Structure formats: structure tokens, C-alpha cells
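Student: I have a protein model open and would like to learn how to read it. Could you take me through some features, one at a time?

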Amino acid sequence: MKKLWGGRFRKATDKKVDDFNSSIRFDKRMYKQDIKGSVAHASMLGKQGIIPKEDSEAIVAELKNILNDIEDGNIEFLVDAEDIHMNIEKILTDRIGDAGKRLHTGRSRNDQVALDIRMYLMDETADIEEMLVETMTTFVELAKQHIDTIMPGYTHLQKAQPVTFAHHCMAYYEMFKRDYSRLKDCRKRTNVMPLGSGALAGTTYPLDREYVADMLGFDSVTMNSLDGVSDRDFVIELAGCLSMVMMHLSRFSEELILWSSNEFSFVEMDDAYSTGSSIMPQKKNPDVAELIRGKTGRVYGNLMSLLTMMKGIPLAYNKDMQEDKEPIFDSIDTVKLCLPVFCDMIRTMKVNKNNMYDGAKGGFTNATDAADYLVKKGLPFRDAHAVIGNMVFYCIEHGKAILDLTMDEMRSFSDMIGEDIYDAVSLETCVNDRKVIGGPAKRMTEKAIKKAERFIDSIETDEN
């Protein structure tokens with residue numbers, strides 16, 4: 001096949017080079033963005049009198065026909081045409097002849113591909129933002145069901161202080177809220193139009209870049225032609241944002257894997273989101289959570305691929321940058337695959353409230369509150385810390401919890417202890433006395449949930 005750029009060449013490209021050089025197998029997914037960008041570019045060329053108005057109109061009309069044919073499955077892309085951009089231009093030229101050859105006036109593939117990837121990523125990011133809203137909603141709904149479900153909180157995977165499962169869920173709401181915010185912010189920097197940058201130095205044609213940007217819904221145009229075609233920091237930024245989404249999915253998945261084990265038995269995964277063993281009939285494996293945890297690694301790897309690909313490239317465009325698409329496409333696909341199944345998995349799991357409560361009773365999770373009890377009686381905190389540390393050691397030696405101790409045993413550690421200590425270090429008091437903003441007390445958790453619901457409602461209102 002005669003290459004659209006082949007005028008300078010006298011020898012056909014080797015078949016292996018065609019296969020090696022071609023990106024159509026993965027960049028064909030950008031056909032909508034490519035056609036949309038070309039429609040805007042052709043419209044501008046006609047408006048500016050750069051090409052005849054009738055040619056501009058013919059190009060626009062046929063591009064819309066090509067879009068319909070692609071979506072109807074009536075077009076087969078060619079490896080020889082290299083990429084989605086050249087494939088569509090070849091189809092256009094084959095159909096309308098010389099008019100189609102005018103489409104590329106004032107444009108390079110360098111700024112064309114930069115345009116397409118920006119448009120594609122903005123569309124995909126908007127979809128993922130919607131999925132994150134659903135994820136936040138799922139955690140808020142779960143929290144509403146478990147405001148009174150007391151469980152142990154951990155540091156170093158050692159029992160630390162009692163919290164509620166609602167408070168734990170709202171921690172993840174906050175993480176995914178930040179992920180949502182990062183994606184929105186990342187989309188702002190992607191929403192800058194590079195078309196008009198040419199190969200690297202712009203063009204002598206009187207392009208109206210602002211007109212094209214307005215047609216395509218961009219907020220602004222790039223202000224440096226070299227930068228417009230040769231950077232992919234917006235791709236790398238999105239890959240980083242998606243890595244953090246996966247990190248948060250993976251952290252909760254890891255907790256579910258632990259909690260669903262016999263040693264914890266805090267949750268039980270629904271049969272529809274578990275698998276069995278080919279040899280052990282008793283097994284119920286949390287494979288969905290494990291796969292999410294595993295897929296996080298590939299998204300991290302994609303981020304490193306992009307950073308490594310870009311780190312040594314001099315200005316302006318280099319063919320290395322073709323390697324930006326597969327990693328970011330894979331990260332997008334992976335996140336979009338994981339988020340819905342993750343939400344369904346946690347919606348359907350059974351929470352074993354009694355086991356969580358029993359877990360909070362062990363491990364001296366109320367020891368800090370016992371020390372605070374003495375501080376409120378007038379003992380300096382460091383002295384109170386030592387008293388309760390000795391009490392915990394005594395409990396360990398005698399196989400008791402703090403609340404199992406008699407008053408005589410209590411007072412053997414400090415004569416400041418009175419009968420009111422039993423209420424002061426009950427799990428319910430330990431949780432509900434933590435009334436600071438951001439604390440696990442029921443009243444504060446209810447406020448946090450209401451605030452989260454208002455935030456989610458504001459997103460849905462803005463979208464409508």
C-alpha cells in the first residue's frame with residue numbers, strides 16, 4: 001500500500017517493520033475522538049478559507065458517514081496504514097478523492113495524536129469519576145448500617161483502640177473522595193487543546209485554534225508548540241491518579257482477605273463473589289479481593305513504564321511516545337474493571353458484628369482510655385501510662401482483660417481508681433467519648449455521613 005507520507009521514499013517498508021511500527025491494534029479505540037477532531041479541524045479550515053468551503057463540507061459529511069460505518073462494524077482497519085489517524089484519512093480519501101487529501105492541511109500527526117489522546121483520556125476519566133461516586137456512595141451506605149458496630153482498630157496489625165465499622169468505612173470514603181478530586185484536577189490539565197502545534201513549530205496557515213478548541217469543548221489551547229506535541233505529563237499524571245485508586249482498592253481488599261479468614265471471621269464474602277478449591281471441598285476463597293490486590297501491581301507497572309519511556313526524550317516528538325497508549329489504556333481498563341465488582345463485593349458481604357465486638361474486647365483496646373481516666377483524676381499522663389502498662393502486664397500474666405479485674409485488683413495499681421472506671425473503659429464509652437471532629441463517636445460519625453451525602457448530592461446536581 002502506498003503510504004500517505006511516502007513521497008520521499010523509493011522503497012516499500014518491510015512487512016515486519018509495518019507490523020512493528022503499526023499501532024492500529026490498540027489506538028483504534030480512539031476512532032471517535034479522531035473523527036471528532038478532524039471534523040472540527042476541517043470546519044475551521046473551511047471557515048478560514050484555507051481550503052474551499054465545499055471541500056470542508058464534503059470532508060465533514062463523509063467523516064460522519066465513516067463514524068457510522070465503524071460503529072456498525074462495516075470497516076476493517078489496515079495494519080499497513082499504521083494507526084487510527086492514517087486509517088481514517090485513507091478511507092476518507094478513497095471515498096471523496098482530492099477533497100479528502102485537503103484534511104491534513106495545517107496539521108501533523110504529532111498534534112493530531114496529542115489531541116486524540118487528550119480527548120480520549122478526558123472521556124475515560126469522566127467515566128471513572130462516576131464510578132468513584134458510586135464507590136463513595138457504597139461506603140457511606142455501609143457506614144450507615146454499622147454506626148453501632150464496634151470493632152478493633154489496629155496499628156502495626158496489632159489491636160490498638162476500639163472504633164466502629166462505620167468509622168472504618170468512612171476512612172475509605174475519604175480516600176476515594178480524594179481520588180475523585182485528583183481525577184477532576186487531572187482532567188483540568190488534560191483539557192488543553194494542542195491542535196495547531198503542527199509537527200513542532202506551528203504552521204504558516206491562519207488557523208483559528210480557539211474556534212477548534214471551542215468546537216471540541218476544550219478550556220484553552222496550548223501556548224507552546226514544542227510542548228504541545230512532545231509532552232505526556234497529563235498521561236503520566238492520570239496513570240499516577242489511577243495507581244492511587246488501585247492502592248485504595250487493594251488496601252480494603254487486603255483487609256477483607258484477612259477479615260474473611262477463620263482467624264478473624266469479621267466478614268463473610270457472598271457466594272457470588274467467592275470461589276472454591278479444586279481439591280479442598282471446604283474452601284471459600286476471596287478471589288475477587290485477591291485479584292483486585294494483584295491487578296494493582298500492573299497499574300503501578302504502567303506508571304513506571306510511562307515515566308521510564310519519557311525520561312530521556314529530547315524535544316520534540318519521538319516515536320518512543322507511541323508507547324504511551326498501551327500502558328494508560330490498560331490502567332484505565334483495569335480500574336474500570338475493578339471498581340464495579342469491588343462495590344458489588346462489599347455490598348453483598350456479611351458483616352459479623354458479634355465477632356467484631358468480641359475482637360475489640362481482646363487485646364486491651366481500652367488501655368488508653370484507662371490511662372486517660374487517671375489523667376482526668378489528676379495524674380500526669382506519663383505516670384498514668386506506666387500504671388496502666390503495669391496493669392496490662394498483670395492481666396496478661398493472669399489471663400484477664402482490664403474489665404475482668406476486681407476493684408481490689410484495680411486499686412492495687414492506683415488508689416485514684418474508683419468504681420466509675422468500669423463505665424469509663426467500656427467499649428461503648430471508649431468509642432462514644434471520642435467526640436472530636438473526625439473521631440469515631442456515634443454523633444461525629446453521623447455528622448460525617450451527612451456531610452458525605454451532601455457532597456455526593458452536590459456532584460449529582462452538578463452533573464444534571
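Tutor: Gladly! Let's begin with strand pairing: two strands pair if DSSP finds at least two bridges between them. Keep in mind that this is a predicted model.

Student: How many bridges join strand 1 to strand 2?

Tutor: There are 6 bridges between strand 1 (residues 150–155) and strand 2 (residues 158–164), and the two strands run antiparallel. To see one pairing, find proline 152, whose bridge partner in strand 2 is proline 162.

Student: And what do strand 1 and strand 2 form?

Tutor: They form a hairpin, with 2 residues between the strands. Look at histidine 156 in the loop between strand 1 and strand 2. Its phi is positive, about 55°, although histidine 156 is not a glycine.

Student: Is histidine 156 buried or exposed?

Tutor: Histidine 156 counts as exposed because its relative accessibility is 74%, and the cut-off for exposed is over 50%.

Student: Which other residue that is not a glycine has a positive phi?

Tutor: Try phenylalanine 364, with phi near 55°. You will find phenylalanine 364 in the loop between helix 14 (353–361) and helix 15 (367–376).

Student: While we are on the backbone, where is there a cis peptide bond?

Tutor: Go to the bond from leucine 315 to alanine 316, which is cis with omega near 5°. Alanine 316 belongs to the loop between helix 12 (287–310) and helix 13 (325–348).

Student: Next, helices. How are two packed helices described?

Tutor: The description uses the angle between their axes and the distance between the axes. Here, helix 4 (residues 53–71) packs with helix 5 (residues 84–96) at an angle of about 120°, and their axes are 10 Å apart. The crossing of helix 4 and helix 5 is right-handed.

Student: Which residues make the contact between helix 4 and helix 5?

Tutor: From helix 4 come Ala58, Ile59, Glu62, Leu63, Asn65, Ile66 and Asp69, while helix 5 brings Ile88, Ile91, Leu92, Arg95 and Ile96. Sorted by class, this contact has 8 nonpolar, 1 polar and 3 charged residues.

Student: Now disulfides, please. What are they, and how many does a search of the whole structure find?

Tutor: A disulfide is a covalent bond between the sulfur atoms of two cysteines. In this model the search finds 0 disulfides.

Student: Why does cysteine 241 have no bond to cysteine 186?

Tutor: The sulfur of cysteine 186 is the closest cysteine sulfur to that of cysteine 241, but they are 4.6 Å apart, so the two are too far for a bond. The cut-off is within 2.5 Å. Cysteine 343 is a similar exercise: its closest cysteine sulfur, in cysteine 338, is 11 Å away and therefore too far for a bond. Cysteine 241 is buried at a relative accessible area of 6%, and cysteine 343 is buried at 3%.

Student: How do I work out what surrounds a buried residue? Let's take glutamine 112: which residues does it touch?

Tutor: Start with its place, which is helix 7 (residues 109–145). Glutamine 112 counts as buried because its relative accessibility is 2%, and the cut-off for buried is under 20%. Setting aside residues up to four places away in sequence, glutamine 112 touches Asp34, Ser38, His85, His104, Arg107 and Leu195.

Student: What is valine 113 in contact with?

Tutor: Valine 113 is in helix 7 too, and it is buried, with a relative accessible area of 7%. Beyond its neighbours within four places in sequence, valine 113 is in contact with His85, Arg232 and Lys325. Its C-alpha atom is 50 Å from that of isoleucine 147, and the two residues are 34 residues apart along the chain.

Student: Could I have two more to practise on?

Tutor: Of course! Glutamine 33 sits in helix 3 (residues 31–47) and counts as buried at 7% relative accessibility. Apart from neighbours within four places in sequence, glutamine 33 is in contact with Asp116, Met119, Tyr120 and Asp123. Then find threonine 190 in helix 8 (residues 165–190), which is buried with a relative accessible area of 3%. With the same neighbours within four places left aside, threonine 190 is in contact with Arg118, Leu121, Met122, Phe218 and Phe234.

Terms used
Residues numbered from 1 in each chain as written. Predicted model: local features only at pLDDT ≥ 70, side-chain atom pairs only at ≥ 80, totals over all residues. Heavy atoms only, no water. Helix = DSSP H or I, 4+ residues; strand = E, 2+ residues; numbered from the N terminus. Buried < 20%, exposed > 50% of the residue type's maximum accessible area, 1.4 Å probe, protein only. Contact = heavy atoms within 4.5 Å. Axes fitted to C-alpha atoms, helices over the stretch in contact; angles between N-to-C directions. Left-handed = near helix turned anticlockwise from the far one by under 90°. Nonpolar A, V, L, I, M, F, W, Y, C, P; charged D, E, K, R; others polar.
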